[in-house]
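Please look at the sequence and the model together while reading. The explanation below goes through the structure part by part.

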Amino acid sequence: MTDLLSGIRILDLTNVLAGPYCAYQLALLGADVIKVETPQGGDLARQLGASPELNRVGMGASFLAQNAGKRSVALDLKQEADRERFLDLVASADALVENFRPGVMDRLGLGHARLKEVRPSLVYCAISGFGQTGPMRDNPAYDQIIQGLSGIMSITGTPETAPLRVGYPVADTLGGLVGAFAITAALVKQKTTGEGAFLDVSMLECTLSALGWPVSNYLTADVEPQPMGNENMTAAPSGAFRTGDGLLNIAANKQEQFVTLCRLIDRPELASDVRFAERETRKQNRIALKALIEDALASGSAAAWEETFNRAGVPAGRVLTIPQVLQEQQVIQRGMTARFQAVSGMDRPLTVVRGGFMVDGEAPLPSRPPPGLGEHMDEVFAGLPPRAKKRAKA
């Protein structure tokens with residue numbers, strides 16, 4: 001774990017994915033992340049995942065994926081005594097992140113205005129499906145709902161199969177990343193001026209923002225994006241190609257890359273063919289071009305062609321499964337995973353994935369395994385600052 005956020009305390013009141021993923025990024029950066037969970041089961045993700053056995057003991061695989069490095073306390077915020085203990089925690093915190101529906105924290109008497117009275121410099125981040133305002137603010141939102149509303153599904157798949165959901169919770173993940181980015185930016189201001197901030201993160205807006213290219217094509221060029229399967233609308237040949245053994249992604253997006261590709265597959269005449277000689281004509285004739293390229297690629301495997309193309313400067317990569325990519329030396333040598341031998345509530349070792357960055361050449365790995373529900377109650381409350389500790393005893 002890196003020390004970029006060492007000394008920063010984050011209260012994590014989130015559930016399932018977007019919020020926990022946000023707080024996980026902050027934990028990897030060195031923040032002290034305290035997960036505040038309900039005593040009645042805690043984070044819903046504790047019950048989600050492919051292992052029924054782990055779900056039963058509250059350590060579901062979905063929870064394990066994004067809660068390493070955190071400490072857990074169990075508080076029932078509907079109870080006055082636990083609300084007071086929570087305010088003690090707030091008095092010691094630099095930032096808080098929650099992903100309840102808008103208004104939930106206010107109804108508990110723990111909204112931003114109340115918490116600001118306790119900790120004026122608090123950075124408060126609220127992640128929700130649609131944001132704190134607008135006609136959809138109170139609608140429930142899961143990842144697939146946002147994928148459909150954002151337009152992602154309309155351009156995912158082929159013309160025959162679209163609309164399709166992206167194969168993982170991309171909208172939730174984007175919401176978490178944007179939340180972490182916004183919190184770290186607000187912490188800079190906090191440490192510079194002593195001022196806090198209220199961050200209103202909308203998953204729908206995060207997803208629309210990430211759809212920059214297709215949205216811009218519509219807003220600027222009045223071209224409505226369409227599903228293209230594995231093809232790239234900006235270039236050809238650029239997409240997934242069948243080889244003699246496996247699929248290969250090729251992105252010969254530049255003219256010199258296309259010419260090199262034609263030479264490497266022993267079809268140099270394609271580079272001067274009037275149908276393919278220029279970028280725009282290649283896009284117009286991409287189906288015919290793809291068939292000719294795949295015919296040549298049938299003589300070798302995806303792995304062999306990948307090595308040949310990359311060595312010559314033509315971007316290419318096999319289409320791998322998750323088990324396959326985790327076995328790649330690139331992933332292994334970069335220290336993409338952390339392994340814990342002893343995990344609360346588990347009878348097996350645990351391997352988790354870190355964030356997608358390194359700091360000064362080191363991989364930021366979580367310092368501790370995902371916590372059991374309420375595992376750190378004594379430790380956290382015993383370590384409160386004097387002012388908060390005095391109130392906790394009152």
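What follows treats salt bridges, aromatic rings, two individual residues and a pocket, in that order.

This is a predicted model, in which local features need pLDDT of at least 70 and side-chain atom pairs count only at pLDDT 80 or more, while totals for chains, interfaces and linings use all residues. Residues are numbered from 1 along each chain as its sequence is written, and side-chain values use heavy atoms, with hydrogens and water left out.

We begin with the charged side chains. A search of the whole structure finds 25 salt bridges, a salt bridge being a side-chain nitrogen of Lys or Arg within 4 Å of a carboxyl oxygen of Asp or Glu. One of these joins D12 to K35, with an N to O distance of 3.6 Å. Since D12 belongs to strand β1 (residues 9-12) and K35 to strand β2 (residues 32-37), this pair ties together parts that are 23 residues apart in sequence; helices (H or I, at least four residues) and strands (E, at least two) are here DSSP runs, numbered from the N terminus. D12 counts as buried at 0% relative accessibility, and K35 is likewise buried at 0%, where buried means under 20% relative accessible area, exposed means over 50%, and partly exposed lies in between (1.4 Å probe, protein chains only).

Strand β2 also holds D32, while R71 lies in strand β3 (residues 70-74), so that their pairing ties together parts 39 residues apart in sequence. The closest N and O atoms of the salt bridge between D32 and R71 are 2.8 Å apart. D32 is partly exposed, with a relative accessible area of 22%, whereas R71 is buried at 10%. Both residues belong to a network of salt bridges that links R9, D32, R71, R368 and E379. Elsewhere in the sequence, the side chains of D273 and R275 meet in a salt bridge of 2.9 Å, N to O, and R275 is partly exposed, with a relative accessible area of 35%.

We turn next to the aromatic rings. Rings of Phe, Tyr and Trp (its six-membered ring) pair if their centres lie within 6.5 Å, and planes under 30 degrees apart count as stacked, over 60 as edge-to-face and the rest as tilted. By this rule the count comes to two aromatic pairs. In one of them, the ring centres of Y124 and F198 are 5.3 Å apart and the planes are at 20 degrees, so the pair is stacked. Because Y124 lies in strand β5 (residues 123-128) and F198 in strand β6 (residues 197-202), the pair ties together parts that are 74 residues apart in sequence. Y124 counts as buried, at 2% relative accessibility, but F198 is partly exposed, at 37%.

W305 and F309 form an aromatic pair that is stacked, with 5.3 Å from centre to centre and 20 degrees between the planes. Both residues lie in helix α14 (residues 302-311), four residues apart, or about one turn of the helix. W305 is buried, with a relative accessible area of 10%, and F309 is buried at 0%.

What touches this pair from helix α13? L297, found in helix α13 (residues 286-297), is in contact with F241, R242, T243, G244, I250, I265, W305 and F309, leaving aside its neighbours within four places in sequence; contact means heavy atoms within 4.5 Å. L297 is buried, with a relative accessible area of 0%. Although L297 and D245 are 52 residues apart in sequence, they are 9.2 Å apart in space, C-alpha to C-alpha.

S121 is found in the loop between α6 (112-118) and β5. S121 is buried, with a relative accessible area of 16%, and touches D94, Q190, G194, E195 and G196, not counting residues up to four places away in sequence.

The last feature is the largest pocket, with about 1,400 Å³ of space. On a 1 Å grid over the protein atoms alone, a pocket is an open set of points where a 1.4 Å probe fits, with protein on both sides within 12 Å along at least five of seven lines, and lining residues have an atom within 4 Å of a point. Grid points are joined across faces, edges and corners, and the volume is the space filled by probe spheres set on the points. Of the 42 residues that line this pocket, the closest to its centre are A65, Q66, Y168, I322 and V353. The largest share of the lining, four residues, comes from β11.
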